[in-house]
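Trainee: Got a minute to go through this model with me? I'd like to start with the core and then look at a helix.
Mentor: Sure, pull it up.

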Amino acid sequence: MTEKFLLFLGLLALIVALIMLANRLKIAYPILLVLGGLAISFVPNLPHIRIDPQLIFIVFLPPLLYEAAWAVSYKELYKWRRMIGGFAFVVVFITAAAVALVANWLIPGFSLALGFLLGAIVSPPDAVSAAAILKFVKVPKRVSAILEGESLLNDASSLIIFRFAAVAVTTGQFVWYEAAGSFIWMIAGGVGAGLAVAFIVCRLHKILPFDANMDTILTLMTPYVMYILAEEIHASGVLAVVAGGLYLSARRNEMFDAATRTHVVPVWRNFIFILNGLVFALIGLDLPQILEGLQREGVSLMTATGYGLLITAVIVVVRIMASYAGVAVTMLMRNFITVADDKYPGKGAPLVIGWAGMRGVVSLASALSIPIMAGSEAFPHRDLILFITFVVIMMTLVVQGLTLPLLIQNVKIPGGDDYMQHTQAETLIRKTLAHSSLNFMQSHFENDESFLLQSLKKVWDFRLSADSCGITADAKERYFAILNEQRRVLAQLNKDPRIDEELIRRFLYQIDLEEEKWRLSDKHE
């Protein structure tokens, strides 16, 4: 036990070192983490790490999805809903079907059901890898919005296909009407379970006297409760976390005060940082276990690698073709309905979206969760599926991950950014906030002569700063009322399609910090 704990501490240190190196080299850190985990897995005399797939699903997946649901922009999610829905559901199914046909045709002993199982495993791209790469390059907001929105839903669709395919392999039959009923229940039950937990959590935050620490702990518990409840009723835990996370994200200002919001952000940022680092390192560490299984199955390493490269080529080609098909459908449908962007995006955007399809943790966890036995017999080709999945993850992460920045720099994506320049938007927001604050103060606190509000009036009038002293509690409460008015105005500004929601959230966070600064000063007086 002590050896494994020391290995865990050493692994954390290695993760930090590799991420620092990745930032210095300006490459996506998941690439170096997988390669680092792969390298140390062959170090002699290290304790063997066996990954429990259910542990990956329960420990890692709920918080990663929950954080993504809180971070996603509703405005972008709705604006690009057709493209996001197409990639998250239609493209995932097409990819799984293409892999099933190719595997059934070219890999000896692979039935269509087994091919669909493999297809479901390797079909969902990993959002963490794409986000880590896009951090170093500038792309239009539409590209990052589609990738982020897709990542919220594609895990659910792929895991649903995986479950049906696993049942077909283990039982040898597939009853379509039973599958249809299960499919409907997994979606409806998952969304319902997530919303039910989210509603209860929202009420608890409003009723009970939580402080910032207790609020933070409750936010850490919430995604796990959503996921486990949905899985217990045989629904989709992934959809439960996504639906519940989106519901609570929309009500963050109602649920939390400024102290909680400023406290939660850094806690979750560090928590997700550790989880992402561990999960990508564990992918590399799992290779020795996969190679042992491949040897037991009697498949040569060369042959298995060839199968892995073949499946990798299939999913990459299908995704790129689907990206251009999505553009073609959008260009066609603009003649009949209103679409988010009726301008031809050129050859660049679909190619970038198609190439940004790196696979990751969900694919590995799905493969590891394949049962060892299918009835009274061993599950067919389980170890080969594990190895193919590993090759797909490695090839997409390393090859696509390293070449995606070069691709983005060399292709032309018309239209530039989808929003006004940040400096221009910031000026608009600051002026709007100053104007609304002055109007609010004049209409509600016209005769207030306190030093704080008069100083702030000068700030809003002339963009000057002033130190404050001897401020009364009443003056601070009036200031907090003005800050709430600024939050309301920012919510209205967010409806402007020219303004990036990320910028709005940055201003909201600054307002929270401002309020918390004055509230903390009360505690020290």
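What follows is a chat about the nonpolar cores and one helix of this predicted model.

Trainee: Which residues touch the most other members in the largest nonpolar core?
Mentor: Leu117 and Leu248, in a core of 125 residues.

Trainee: And which helix gives the most to this core?
Mentor: Helix H18, residues 382-410, with 14 residues.

Trainee: Back to leucine 117, what is it in contact with, leaving aside neighbours within four places in sequence?
Mentor: Phe162, Ala165, Ala166, Ile370, Phe379 and Ile385. There's also a second, separate core of 16 residues, and Phe480, Leu503, Ile504 and Leu508 are among them.

Trainee: OK, on to H18. How many of its residues are buried?
Mentor: 21 of its 29, so the helix is mostly covered.

Trainee: Where is the kink in H18?
Mentor: At leucine 404, shortly before proline 405, and the kink is about 35°.

Trainee: What about its end-to-end span, what should that be at 1.5 Å a residue?
Mentor: The 29 residues should span 42 Å. The end C-alpha atoms are 41 Å apart, which agrees.

Trainee: I spotted glutamine 400 in H18. Buried or exposed?
Mentor: Glutamine 400 is buried, because its relative accessible area is 3% and the cut-off for buried is under 20%.

Trainee: What is glutamine 400 in contact with, again leaving aside neighbours within four places in sequence?
Mentor: Val316, Gly354, Trp355, Gly357, Met358 and Met395.

Technical notes:
Residues are numbered from 1 along each chain as its sequence is written. This is a predicted model: local features need pLDDT of at least 70, side-chain atom pairs count only at pLDDT 80 or more; totals for chains, interfaces and linings use all residues. Side-chain values use heavy atoms; hydrogens and water are left out. A nonpolar core is a set of buried Ala, Val, Leu, Ile, Met, Phe, Trp, Tyr and Cys residues joined through side-chain atoms within 4.5 Å. Buried means under 20% relative accessible area, exposed over 50%, partly exposed in between (1.4 Å probe, protein chains only). Helices (H or I, at least four residues) and strands (E, at least two) are DSSP runs, numbered from the N terminus. Contact means heavy atoms within 4.5 Å. The expected span of a helix is 1.5 Å times one less than its number of residues. The bend at a residue is the angle between axes fitted to the seven residues ending there and the seven starting there.
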